[in-house]
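Okay, everyone, thanks for coming. I'd like to walk you through one structure today, going from the overall fold down to a few helix pairs. Have a look at it first.

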Amino acid sequence: MKRLILAATAGLALSLTPAPAFAQSSEPTAEELGALGSLFGDMFGTAEPLSPEQEARLGAAMVVVTKLFPEGTYAKMMNESMAPMMEGMLGGLGGSPAITLTALTGIDPFTLTSVEDEKLAEAVALLDPAAAQRNAAMSDAMFTLISEVVVEVEPAYRSGLARAYAVRFSGEELADLSAYFDTPVGKKYAAESFLIFADPQVMASMNEIMPAMMQRMPSIMEMMENAAAEYPEGRTFSALSAKERAKLASLLGVSEEELADAEPAGTSTEF
């Protein structure tokens, strides 16, 4: 369980690291990627339908939201505020010497924590002299992709905001908000209200989160282990009966041979 929890911490970093060990045997098709995306389903939950009264306020709510979140807000936020943070985050993940060495050597990154940074960097330079340039290019590509995605979903986000305002504010309150946002200070607040959350002054305070999380990690791991211990461990394919194996293959639409070949090492969910 400890390895499972620690692996979750490094999972994103590993997913950003280029290495033959993590390469797919073939490029996924658009259909496969679409199917993969559908697996996430409604991971953020679903919203209740608006009541007739709330629907009637939707137009007034959109007037307010358009002032708070005008078209192009996400692009402005990404270019002006988020770019430095994303550059540091993506560069830190993809450019970590320990993660790079793990991808190239198979050594567990947690065994490298005691090695001096200079030695780690020297080892990376020995194995992969182009690592820094490659990671920078990957970070740029990832940031470009993320920027395109958030701009693409901006209309949906704005629509969701309007629905939320229609639920949370009365028609009179929406009118008052709209009037306030037409005043000089109201216009300034509306223009800055979302952007300010990505201001460097705010984002810099987030640097305290990771040290705080790491300080609490032993307690988090203990709590997760205690919670998991109350339930039986999951089974892998080889632990199933013949009837169960056939049923699993039928449910997943693959052969039993494929399931047997794909079975991970070990026979339990305890990592």
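**How the helices pack**

Let me jump right in with one pair: where H4 and H8 cross, the crossing is right-handed. Before I go further, please keep in mind that this is a predicted model. Back to the pair: the axes of H4 and H8 are 8 Å apart, and the helices pack at an angle of about 125°. That makes H4 oblique to H8, since an angle has to be over 145 degrees to count as roughly antiparallel.

So which residues of H4 and H8 meet? On the H4 side you have Leu58, Ala61, Met62, Val64, Val65, Thr66 and Leu68. Across from them, H8 brings Arg158, Ser159, Leu161, Ala162, Arg163, Tyr165 and Ala166.

Gly59 also sits in H4. Is Gly59 buried or exposed? Somewhere in between: its relative accessibility is 47%, so it counts as partly exposed. Along the chain, Gly59 and Ala162 are 103 residues apart, yet their C-alpha atoms are 8.1 Å apart in space.

Over in H8 there's Val153, which is partly exposed as well, with a relative accessible area of 40%. Its C-alpha is 9.2 Å from that of Tyr74, and those two are 79 residues apart along the chain.

Now let me zoom out for a moment. What we have is a protein of 14 helices and zero strands. Read it along the sequence and the pattern is just α, over and over, from start to end. There are 271 residues, and buried ones make up 23% of them. The accessible surface comes to about 18500 Å², with 62% of that belonging to carbon and sulfur atoms.

The contacts are worth a word too. Take those with a separation of 6 or more: 75% of them are between residues 24 or more positions apart.

Next, the inside. As background, nonpolar side chains in soluble globular proteins tend to be buried together. Here the largest nonpolar core has 20 residues. Those with the most contacts inside it are Val64, Val65, Leu68, Phe69, Met77, Tyr165 and Phe194. Three helices, H4 (58–68), H5 (73–94) and H8 (131–168), each supply at least two residues of this core. H8 gives the largest share, with six residues.

If you want one residue to click on, try Phe194. What does Phe194 touch, leaving out residues up to four places away in sequence? The list is Leu68, Phe69, Thr73, Met77, Tyr157 and Leu161. Apart from the largest core there's another one, of six residues, including Ala98, Leu120, Val124 and Ala131.

On to H4's other partner, H9, which covers residues 171–180. The axes of H4 and H9 come within 9 Å and cross at roughly 30°. That makes H4 roughly parallel to H9, because angles under 35 degrees get that label. The crossing of H4 and H9 is left-handed. H4 makes the contact with Ala60, Ala61, Val63, Val64 and Lys67, while H9 uses Leu174, Leu177 and Ser178.

One more pair: H6, residues 97–105, and H7, residues 117–127. Their axes come within 9 Å and cross at roughly 40°, so H6 and H7 are oblique to each other. The crossing of H6 and H7 is left-handed. Pro97, Thr100, Leu101, Leu104 and Thr105 are the H6 residues in the contact. From H7 come Leu120, Ala121, Ala123, Val124 and Leu127.

While we're on H6, which of its residues are buried? They're Ala98, Ile99, Thr100, Leu101, Thr102 and Ala103. Right after H6 comes Gly106, whose phi is positive, near 85°.

Last stop is H13, residues 242–252. How many of its eleven residues are buried? The number is one, so H13 lies largely in the open. H13 is followed by a glycine too: Gly253, with a positive phi near 70°.

Okay, that's my tour. Happy to pull up any of these on the screen.

Methods. Residues numbered from 1 in each chain as written. Predicted model: local features only at pLDDT ≥ 70, side-chain atom pairs only at ≥ 80, totals over all residues. Heavy atoms only, no water. Helix = DSSP H or I, 4+ residues; strand = E, 2+ residues; numbered from the N terminus. Buried < 20%, exposed > 50% of the residue type's maximum accessible area, 1.4 Å probe, protein only. Contact = heavy atoms within 4.5 Å. Areas by Shrake-Rupley, 256 points an atom, 1.4 Å probe, with all protein chains shown as cover. Core = buried A, V, L, I, M, F, W, Y, C linked by side-chain atoms within 4.5 Å. Axes fitted to C-alpha atoms, helices over the stretch in contact; angles between N-to-C directions. Parallel < 35°, antiparallel > 145°, perpendicular 65-115°, else oblique. Left-handed = near helix turned anticlockwise from the far one by under 90°.
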